[in-house]
Amino acid sequence: MILSPSLLSADFVNLSRDVELLKAANVKYLHVDVMDGIFVPNITIGIPVVKALRRVTDLTLDVHLMIDRPERYIDDFCKAGSDILTVHTESTPHLQRALSMIRERGKKAGAALNPSTPLSAIENVLDDLDMVLIMSVNPGFGGQKFIPQALNKIKALKEMIDESGKSIAIAVDGGVTAENIGQIVKAGAEVCVAGSATFRDGYKMIANNVAMLEDSARRA
C-alpha cells in the first residue's frame, strides 16, 4: 500500500515544512488536488504550486486534476513537474486523448471515477491507464465521510483489471482514515489518498498519523 497524503489538508503557509515532515516519515507520494471551481465547487491550487513543490522535493507528485477539459492544461502540468496526472472521466468527452497526451509526455496516466460513475466508463481505455482513482466521496472538499458503497466498486475494479491482465494500480480518495484503510486495502486498493487523517492535530502529529495509517493497512 502506498500512502499519498493530500496536501489539500496541509498548512499552506508552511507547505515546504510539511512536505519535509512527510518525507521524514518515509512517505513516497504527495497528492496534489487541483480544483477549478467549475468541475467541482471549490478552487484550490494550480501550476505554480506544482512547480514550487517540484523545486523542494523529489517525492512522486500525484496530481489530481479536478478541472473541466483537462487536456487544455496537461502539457503545462507535465512541464511543471507532475509524475502522475489523473483526469476525471466526467470532465472531458475525449478521455482517451487526454490519457494519451499524458503518456506521450513520459508521465503516468490516471482516470478518476466519481461515486455515481460506473466502471464501464473506463472499459475502453484500459490500454491507456497506469492508475484508476476511485472517489469515495464527491470531489470538491476535504474532510468528507467515506461512502461505504465504494468498497464494492473497488472489488469490482480489481476483478476487471485482473481479468484484463494489465498492470493498473487502484487508488482511492476520500474519507480514508486509520479506521477504514484496512477495509479499503482488503478490497484491492494499492494507493490510498489521505488528507485530514494525515494532517489532523497539527504538524507535530504528521509522523504519528502516517504511522497509524500504514500500520492499519499492514494489519489488513
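Is Pro5 buried or exposed? The model is a predicted one, and in it Pro5 has a relative accessible area of 0%, so this residue is buried. Pro5 belongs to strand β1. A partner from far along the chain can be found for it: Ala197 is 192 residues away in sequence, yet the two C-alpha atoms are 8.6 Å apart in space.

After strand β1, which covers residues 2-5, comes a loop that leads to helix α1, residues 15-24, and Asn14 has its place in that loop. With a relative accessibility of 30%, Asn14 counts as partly exposed, because buried means under 20% and exposed means over 50%. The side chain of Asn14 is in polar contact with the side chain of Asp11, at 2.8 Å. Asn14 can also be placed relative to Tyr203: 189 residues separate them in sequence, and 9.5 Å separates their C-alpha atoms in space.

Tyr203 appears again in a contact with a charged side chain. The ring of Tyr203 has the charged end of Arg17 over it, 3.8 Å from the ring centre. Pairs of aromatic rings are another matter. A pair of that kind is described by the distance of the centres and the angle of the planes. In the whole structure, the search for aromatic pairs finds 0.

The next topic is empty space. Rolling a probe the size of a water molecule over the atoms shows where such space is left. The largest pocket in this model has a volume of about 350 Å³. It is lined by 31 residues, and those closest to its centre are Gly143, Gly174, Gly175, Gly195 and Ser196. Several elements give two or more residues to this lining: strands β2 (29-35), β3 (60-66) and β8 (191-194), together with helices α7 (196-199) and α8 (206-219). The largest share comes from α8, with 3 residues. By residue type, the lining of the largest pocket divides into 14 nonpolar, 13 polar and 4 charged residues.

Helix α8 also holds Asn209. At 2% relative accessibility, Asn209 counts as buried, because the cut-off for that label is under 20%. The side chain of Asn209 reaches the backbone oxygen of Arg200 at a distance of 3.0 Å.

Where does the backbone take a positive phi in a residue other than glycine? Asn26 is one case, with phi near 70°. Arg69 is another, with phi near 50°. Most residues other than glycine have a negative phi. Asn26 is found in the loop between α1 and β2, while Arg69 lies in the loop between β3 and α3, the latter covering residues 74-80. Asn26 has a relative accessible area of 53% and is therefore exposed. For Arg69 the relative accessible area is 41%, so this residue is partly exposed.

Two further buried residues can be located by element. Val137 is found in the loop that runs between β6 (131-135) and α5 (150-164). Although Val137 is in a loop, its relative accessible area is 5%, so it is buried. Val137 and Phe77 are 60 residues apart in sequence, and their C-alpha atoms are 24 Å apart in space.

Lys153 lies in helix α5. Is this lysine, Lys153, buried or exposed? Its relative accessibility is 12%, so Lys153 counts as buried. Measuring from Lys153 to Asp83 in the model gives 70 residues along the sequence and 26 Å from C-alpha to C-alpha.

Conventions
Residues are numbered from 1 along each chain as its sequence is written. This is a predicted model: local features need pLDDT of at least 70, side-chain atom pairs count only at pLDDT 80 or more; totals for chains, interfaces and linings use all residues. Side-chain values use heavy atoms; hydrogens and water are left out. Rings of Phe, Tyr and Trp (its six-membered ring) pair if their centres lie within 6.5 Å; planes under 30 degrees apart count as stacked, over 60 as edge-to-face and the rest as tilted. A charge sits over a ring if NZ of Lys or CZ of Arg is within 6 Å of the ring centre and within 35 degrees of the ring normal. On a 1 Å grid over the protein atoms alone, a cavity is a set of points where a 1.4 Å probe fits but cannot get out, and a pocket is an open set with protein on both sides within 12 Å along at least five of seven lines; lining residues have an atom within 4 Å of a point. Grid points are joined across faces, edges and corners, and a volume is the space filled by probe spheres set on the points. Helices (H or I, at least four residues) and strands (E, at least two) are DSSP runs, numbered from the N terminus. Ala, Val, Leu, Ile, Met, Phe, Trp, Tyr, Cys and Pro count as nonpolar, Asp, Glu, Lys and Arg as charged, and the others, Gly among them, as polar. Buried means under 20% relative accessible area, exposed over 50%, partly exposed in between (1.4 Å probe, protein chains only). A polar contact is a pair of N or O atoms within 3.5 Å; within protein, one must be able to donate a hydrogen and the other to accept it, and residues adjacent in sequence count only if both atoms are side-chain atoms.
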